Every structure is written in C-alpha cells, then in structure tokens.
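Morning, everyone. I'll take a few minutes on one structure. Please have the sequence and the 3D view open.

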Amino acid sequence: MRGAKKILTEKRFRGIPVAHGIAHFPALVHFAEDEEVFAQTVPEHTLPAEIARFEAALIATRIELLKIQQKIASAIGSHDASIFDAHLLVVEDRTLIDEVLRSLERDHFCIEYVFQEVARRYCRTLEAIDDPYLRERVVDIEDVSRRVLRHLLGKAPQNAAAHDQPHIIIAHNFTPSDTAQLNRELVYGFVTEIGSKTSHTAIMARSLEIPAIVGMQGICQQIQIGDDILIDGYNGLLILNPSESTLAEYESLSREKEEVVERLRLIRETASTTRDGRHIVLSANIDLPDEMSDVAANGAEGVGLFRTEFLYLNRATPPNEDEQFQHYRSAAEQALPHSVIIRTLDIGGDKVASSLDIREEENPFLGCRAIRFCLENPRIFKTQLRAILRAATTNNIRVMYPMISGIEELRRANAILEECKQELSVQGIPFNPWIEVGVMIETPSAVFIADHLAREVRFFSIGTNDLIQYAIAVDRLNDRIAHLYNPTHPSILRMIKMVVESARARGIWTGVCGEMASDILLTPLLIGLGVEELSATSAAVPRVKKAVQSLDSAACVKLAAQALESDDSAEILELSRAMAMEQYGDLMD
Ligand code: PEP
Ligand code: MG
C-alpha cells in the first residue's frame with residue numbers, strides 16, 4: 001500500500017524504578033562497553049576500502065566529539081567541555097593512526113580488529129609508565145576508541161545530530177562519572193541493564209530529577225537508536241512504540257503528578273515542624289555545586305550533605321585549593337541563613353576518579369575508600385581541609401568525615417585539620433578556627449562506639465545507604481540481592497536508636513542523610529526514633545516537609561517503640577506505611 005504508515009506494535013519492558021518521572025523521547029542506545037571484535041582476514045584488494053572506512057570513522061568521531069563539546073560548553077560551561085580537548089587529540093594522533101595502517105598492511109585483518117588491537121597495545125604501554133598524566137591519557141584513548149569502533153561497526157548514531165535532539169539514554173551501565181557528565185538540556189531519562197536503587201548513579205538521577213530505570217536486562221539488544229520510547233520512572237516501565245491510548249493515559253498521570261508538585265510548592269516557605277510543634281531540620285543533599293539553586297527552590301534548610309567527590313570526577317587533575325574554596329564559599333553564601341555540611345572526599349566504592357591515583361581492589365566498598373583514602377593521602381586531604389576552613393569564615397559551614405570506623409581515624413583526621421589551621425594561621429590566611437566537626441555513622445563499628453565518638457564531635461549524620469549495606473552484608477550495587485537490602489531490618493532500627501541515644505547523652509544532634517531520609521514511607525519511623533535532621537534529595541524535600549507537617553511526633557515515638565519490639569522487617573514497614581497513608585496518603589506513589 002503506497003504511502004501507508006507502518007503501525008508499530010507497543011511493547012513493554014520492566015526494570016527497577018530508581019528516579020520518578022515520565023519521559024517520552026527517541027532512544028539513544030549506548031552499546032555495551034566491552035564489545036569484542038574478532039579477527040577476520042580481508043583480501044589485499046580491499047585494503048584501500050578498509051582504509052577509507054577507517055578515515056570516515058575518524059572524521060565521524062571527530063564531528064561527534066566536537067558536537068558534544070559544543071553542547072556541554074553551552075549547557076554547563078567551557079571548563080567542563082575542555083575535557084574533550086584531550087579526546088580530540090586522540091583522533092588526530094599520528095603515532096596511533098600510522099600504527100593502525102602499518103598493521104593493516106602487514107596482517108590483512110579487518111580494520112575494526114586492527115584498530116581494537118593497536119588501541120589496546122597503546123593503552124597497555126602507557127599504563128605501564130608510572131606517570132599520572134599518561135595514565136589519564138589511557139582513559140581518553142579507551143573512550144575515543146570505543147567511539148571509533150562504534151562508527152566502524154555502524155553502531156553509532158548515523159550523524160552526530162542524534163546527540164542534538166532531546167533523547168532517553170539506553171545503556172548497559174552508567175557510572176556516577178557518566179551521570180555527572182549528562183547534558184541536562186538533552187537527556188530526559190535513562191535506562192540501564194544493571195544497577196540498583198542506592199548506587200550513586202541512581203541517587204544522582206533523583207537529584208537531577210531525571211526519570212531513571214535500572215536492572216532492565218538485555219534492553220540494549222531490544223531497542224534501536226531513534227526508537228520511540230516512553231519511560232515511567234514510577235513503575236519501572238519502558239514502553240516501546242507507545243500507542244495513542246498509552247500516551248493519553250500517561251498524559252493524565254503526568255498532570256496528576258504535576259498537580260501534587262504545584263500543591264507542595266505552596267508550602268515551600270513554611271517550617272518543617274510536626275503537628276505538635278517539633279522542628280525537624282530538613283536540609284538537602286547535593287552532588288554538584290550547581291545544584292545549590294534547587295536547594296532553596298525546594299524549600300530546604302541548607303545542605304545536610306555536600307558530596308564533594310563529584311568535584312574530582314571526569315578530569316585529569318584533582319581540583320586545587322582555590323577552586324575548591326570558590327565552590328564551598330559559593331555554596332555557603334547561597335545557603336545563608338542556613339548552613340552547609342561539607343563531607344570530605346568519599347572516593348572509592350562506585351566512585352572512581354581518574355584524577356586520583358586509586359588502585360583497583362577486589363572489594364572496593366570494603367577497601368581504601370573515603371576517610372581511609374584521605375588519611376593515606378594527606379596532601380590531597382589537606383588541600384580540601386584548607387579550602388573548607390577558608391570558605392568557612394561565612395560561619396555557616398560544618399565539616400564531616402565519611403566512613404569513620406574507629407576513633408583513631410577521627411583523631412587522625414582532626415589532627416590533620418588542626419595542622420591545616422596552624423599553617424593557615426602562620427600564613428596569615430583568614431579561616432574559621434571554630435568550624436564544627438561531625439562524623440557520618442555508616443559502619444556498624446561506628447554505631448557501637450557512638451558514645452565514644454560523641455565526646456569528640458558536634459553532630460552525627462547517619463549514612464543509611466552504607467550502614468544498611470555493611471550491617472546486613474549486602475552490596476548496595478548488586479540487584480541480585482536487592483531484596484535483602486532492607487531499611488526496616490530490625491537491626492537498622494536498633495542501630496539508629498543507639499546512635500540517637502549516644503548523641504543525646506552528650507548533647508549533640510543526630511541527622512540522617514542516606515536515602516531513607518527522602519522516603520516519606522519511613523518519615524514516621526525516623527521521627528519516632530528521635531532523629532533531629534533529615535537531609536533528603538532536593539526534589540524530595542517538599543514531600544518530606546509535607547510528611548513532617550502531617551505527623552504528630554508523640555504518635556511517631558509510640559510507633560517507633562512498637563516497631564522496635566518487632567522481629568519482622570515487613571511488619572515494621574507496614575506499621576510506618578499505615579501511619580504515612582493515614583496522614584498523607586495523597587502524597588504516596
Ligand atoms: C550514605 O551512605 O548513606 C551516604 C549518604 O553516603 P553515600 O551515599 O554518598 O555513600
Ligand atoms: Mg556513604
């Protein structure tokens with residue numbers, strides 16, 4: 001039938017919802033990173049054609065990189081875009097290109113295979129040299145060679161314009177560094193084959209307010225670049241070729257959700273105080289300094305967790321003292337009259353910074369992460385502490401150390417902080433000598449020595465994301481055992497209670513900055529357990545505020561007492577859910 005429109009059938013795929021929202025855009029598929037190309041011989045007379053394909057792939061990659069660079073420069077600034085300068089140099093690298101051409105003429109293998117092998121050899125040689133600059137080049141070469149290979153294999157967008165249009169990314173995996181580089185003007189959602197709810201990638205998607213679904217196995221094979229897809233971040237659904245009726249259904253759902261957001265906007269300036277007058281400090285978590293505008297826009301009382309490690313990602317060298325000072329000072333000024341809690345570098349685990357010399361480990365979450373890395377690398381730690389101390393003359397900055405597992409770590413960190421104060425003072429550089437120091441409670445050992453720690457700090461912030469993983473011995477990234485990752489496990493409740501009591505006995509306060517603080521299902525429990533501050537993802541702040549305002553703290557205390565008696569996590573969850581439904585059922589998804 002001439003001119004008839006092909007009817008495409010709707011198809012649904014399910015994954016784990018990690019960031020709310022609905023998006024309907026074309027797909028941009030990022031193919032699996034470790035695509036392996038096998039050796040195939042080619043006849044002599046086709047060599048010129050292989051060379052022509054190689055040249056075309058290099059040109060296409062160059063255009064692709066330039067387009068991305070321009071987009072990033074106009075969206076987030078030329079500094080971030082300059083990381084692509086090094087990538088561009090790779091496509092022009094004569095040594096690499098000549099070596100590919102020589103190998104092709106010598107071995108007569110297809111150009112994809114020749115290129116893959118030469119690039120790998122090149123990386124191995126650079127890796128063996130003990131020089132951080134050259135190691136950084138390895139990351140660039142790997143990234144660029146993946147792009148060139150995709151062009152050779154016909155798996156890249158046919159033209160770079162695909163990157164210019166709003167789209168939803170489909171990928172095997174997405175690291176926190178990938179997420180930090182997302183162009184927010186164009187990326188309206190992402191779906192990955194692996195991942196979990198409390199990975200930093202998922203946490204970032206929530207703070208960027210980008211709908212996201214993880215754990216959708218095999219999806220890269222099912223979706224083509226340019227396919228019409230809708231993603232439902234509430235229910236973890238990807239709908240390929242959504243029908244008219246599906247689109248209408250989702251339009252009305254979007255309107256409903258928007259209405260809730262509008263209603264919540266009205267309470268932005270109100271206090272987060274329970275019905276019986278207990279004030280719960282409600283602050284926000286930020287990963288990147290430019291999220292500060294969301295903090296006030298969502299009515300948060302400052303920042304309860306500034307994850308500073310994101311300043312170290314996607315760059316060749318770590319940020320120097322002045323650069324960090326500018327970021328911290330600007331965040332503090334924007335937060336006034338509220339405060340900003342700056343968490344010192346928590347690198348390691350799923351956050352890998354190529355700007356830092358981090359060795360690969362068998363169990364990175366149990367390895368040289370966070371405060372352990374900083375104590376091993378005092379130069380890097382001191383640069384950050386000096387920047388924080390200098391910025392803190394605004395009098396609204398606090399500092400906290402991540403992943404403290406013993407009091408020696410706290411004392412060593414504090415000793416380095418004192419050293420920094422001494423040095424600044426000798427140099428005549430203004431700083432705040434009275435900065436308040438707190439610790440994150442995110443290891444079971446810290447819980448059990450909370451009474452000791454409380455004598456030497458001014459506050460506790462419970463990092464439930466890690467506390468749950470370490471207490472229940474369940475990897476927070478592993479979707480296979482996600483059912484064991486349980487915030488209402490009786491042991492978690494007991495630990496929170498213990499920390500709150502140890503803090504109270506010493507007259508210091510306890511907050512929660514893990515994802516539990518953003519989950520309004522659990523607000524009754526946390527208030528009942530005596531938590532005094534909740535630091536949530538910015539986008540979740542209005543809901544949490546409404547939840548706090550709807551609750552009676554005395555009733556929450558009773559609920560927590562009842563929950564502490566229970567040996568069943570499902571029952572504990574149900575207790576909290578029942579109160580949440582009764583008091584603010586209209587907010588629940
Ligand atoms: C936590 O562990 O709960 C936390 C807030 O820190 P992060 O998620 O960055 O590990
Ligand atoms: Mg943590």
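Before anything else: this is a predicted model. Keep that in mind throughout.

Let's start with ligand 1. Find Glu-442. An N or O atom in its side chain is 2.9 Å from an oxygen atom of ligand 1. Now find Asp-466. Here too, a side-chain N or O atom lies 2.9 Å from a ligand oxygen. Then go to His-200. Its side chain has an N or O atom 2.7 Å from an oxygen atom of ligand 1.

How much of the accessible area of ligand 1 does the protein cover? On its own, the ligand has 280 Å² of accessible area, and the protein covers 100% of that.

Next, the shell. There are 17 residues around ligand 1. The nearest are His-200, Arg-307, Arg-343, Gly-463 and Asn-465. What kinds of residue make up this shell? Eight are charged, five are polar and four are nonpolar.

Where does ligand 1 sit? The space it takes is the largest cavity. Three elements give two or more residues to the shell around the ligand: helix 8 (200-208), strand 10 (303-307) and helix 18 (464-472). Helix 18 has the largest share, with three residues.

Now look at the cavity itself. How many cavities of 30 Å³ or more does the structure hold? The count is three. The largest has about 80 Å³ of space. Its lining has 16 residues. Nearest its centre lie Arg-307, Arg-343, Glu-442, Asn-465 and Asp-466. Two elements give two or more residues to this lining, strand 10 and helix 18. Helix 18 again has the largest share here, three residues. By kind, the lining divides into eight charged, five polar and three nonpolar residues.

So much for the ligand. Two spots in the backbone deserve a look. First, some background. Most peptide bonds are trans, and most residues other than glycine have a negative phi.

Go to the loop between helix 12 (321-335) and strand 11 (340-343). Pro-337 lies there. Is the peptide bond from Leu-336 to Pro-337 cis or trans? It is cis, with omega near 10°.

Now move to the loop between strand 11 and helix 13 (371-376), where you will find Ala-370. Is the phi of Ala-370 positive or negative? It is positive, about 50°, although Ala-370 is not a glycine.

To recap. Ligand 1 takes the space of the largest cavity, and the protein covers 100% of its accessible area. Helix 18 gives the largest share of the shell around the ligand. In the backbone, remember the cis bond from Leu-336 to Pro-337 and the positive phi of Ala-370. Thank you.

Technical notes. Residues are numbered from 1 along each chain as its sequence is written. Chains are lettered from A and ligands numbered from 1 in the order in which they are written. This is a predicted model: local features need pLDDT of at least 70, side-chain atom pairs count only at pLDDT 80 or more; totals for chains, interfaces and linings use all residues. Side-chain values use heavy atoms; hydrogens and water are left out. A residue is near a molecule or strand if one of its heavy atoms lies within 4 Å of it. A polar contact is a pair of N or O atoms within 3.5 Å; within protein, one must be able to donate a hydrogen and the other to accept it, and residues adjacent in sequence count only if both atoms are side-chain atoms. Accessible areas come from the Shrake-Rupley method with a 1.4 Å probe; for residues, only the protein chains shown count as cover. On a 1 Å grid over the protein atoms alone, a cavity is a set of points where a 1.4 Å probe fits but cannot get out, and a pocket is an open set with protein on both sides within 12 Å along at least five of seven lines; lining residues have an atom within 4 Å of a point. A molecule sits in a cavity or pocket if more than half of its atoms lie within 2 Å of its grid points. Helices (H or I, at least four residues) and strands (E, at least two) are DSSP runs, numbered from the N terminus. Ala, Val, Leu, Ile, Met, Phe, Trp, Tyr, Cys and Pro count as nonpolar, Asp, Glu, Lys and Arg as charged, and the others, Gly among them, as polar. Grid points are joined across faces, edges and corners, and a volume is the space filled by probe spheres set on the points.
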